[in-house]
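This report describes one protein chain, from its overall fold down to single residues. The sequence and the structure come first.

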Amino acid sequence: MMLPADGDGRVTRTEYVQAVAALADMPDLYQDTIGRCAVTYVEAADVNGDGLLDAREFATLHQANVDGLTDSTVAEIFRRLDRDGDGYLTADEMFQGFTEFFTSPDNNTPGTWLMGEPTR
């Protein structure tokens with residue numbers, strides 16, 4: 001387990017952002033780490049086993065993972081992440097969403113909505 005650089009055993013927001021930003025300089029590690037998160041997220045929620053998340057599957061897992069999301073907010077997140085508008089999320093779309101959540105300064109990119117409406 002990797003401990004914070006200051007040794008206090010806690011990860012501050014700044015330390016977290018620095019760690020995620022450092023992944024950008026290691027594309028293979030970033031793909032392996034965040035890519036696996038995206039695949040795992042889809043696999044965990046994919047009740048019917050088709051390799052895709054429909055709106056209900058996404059909402060069930062996402063509301064269990066992110067406190068306080070309303071049905072309408074989850075529907076908006078799904079709509080934004082569904083880049084091709086086909087009514088399903090793929091692991092690639094989730095990967096793009098995670099990447100934007102961690103790296104984009106633009107609140108209008110779909111991934112910045114991953115945990116709800118951006119506040120930054």
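Is D86 buried, exposed or partly exposed? With a relative accessible area of 39%, D86 is partly exposed, because the range between buried and exposed runs from 20% to 50%. The model in which this value was computed is a predicted one.

## Overall fold

The protein chain contains five helices and zero strands. Read from the N terminus, its elements follow the order α-α-α-α-α. The radius of gyration is 15 Å, close to the 14 Å that the globule rule gives for 120 residues, so the protein chain is as compact as a globular protein of that length. The C-alpha trace spans about 45 × 30 × 25 Å along its principal axes.

Contacts between residues at least 6 apart in sequence can be divided by separation: 43% of them join residues at least 24 apart.

## Surface and charge

Of the 120 residues in the protein chain, 35% are buried. The protein chain exposes about 7,600 Å², and carbon and sulfur atoms supply 54% of that area.

The charged side chains comprise 8 positive and 22 negative ones. The centres of these two sets lie 6 Å apart.

## Nonpolar core

The largest nonpolar core has 23 residues. Those with the most contacts inside this core are Y41, L53, F58, L81, L89, M94 and F98. Two or more residues each come from helix 2 (27–45), helix 3, helix 4 and helix 5 (91–103). Helix 2 gives the most, with six residues.

Leaving aside neighbours within four places in sequence, Y41 is in contact with L53, F58, L61, H62, N65, M94 and F98. L53, F58, M94 and F98 thus appear among the contacts of Y41 and also in the list of residues with the most contacts inside the core.

## L53 and A38

L53 sits in the loop between helix 2 and helix 3. Its relative accessibility is 0%, so L53 counts as buried. Not counting residues up to four places away in sequence, L53 touches Y41, V42, A45, D46, F58, F78, G87, Y88 and L89. For one of these, Y88, the C-alpha atom is separated from that of L53 by 5.2 Å, although the two residues are 35 residues apart along the chain.

A38 belongs to helix 2. Its relative accessible area is 1%, which means that A38 is buried, since the limit is under 20%. Beyond its neighbours within four places in sequence, A38 is in contact with A91, M94, F95 and F98. M94 and F98 are also contacts of Y41. The C-alpha atoms of A38 and H62 are separated by 13 Å, with their positions 24 residues apart along the chain.

## Two loop aspartates

D86 is located in the loop between helix 4 and helix 5. The C-alpha atoms of D86 and D54 are separated by 9.5 Å, and the two residues are 32 residues apart along the chain.

Where is D67 placed? D67 lies in the loop between helix 3 (55–65) and helix 4 (71–81). Its relative accessibility is 75%, so D67 counts as exposed, whereas D86 at 39% is partly exposed. Between the C-alpha atoms of D67 and F101, 34 residues apart along the chain, the separation is 17 Å.

Terms used
Residues numbered from 1 in each chain as written. Predicted model: local features only at pLDDT ≥ 70, side-chain atom pairs only at ≥ 80, totals over all residues. Heavy atoms only, no water. Helix = DSSP H or I, 4+ residues; strand = E, 2+ residues; numbered from the N terminus. Rg over C-alpha atoms; globule rule 2.2 N^0.38 Å. Buried < 20%, exposed > 50% of the residue type's maximum accessible area, 1.4 Å probe, protein only. Contact = heavy atoms within 4.5 Å. Areas by Shrake-Rupley, 256 points an atom, 1.4 Å probe, with all protein chains shown as cover. Lys, Arg positive; Asp, Glu negative; His and termini not counted. Charge placed at Lys NZ, Arg CZ, Asp CG, Glu CD. Core = buried A, V, L, I, M, F, W, Y, C linked by side-chain atoms within 4.5 Å.
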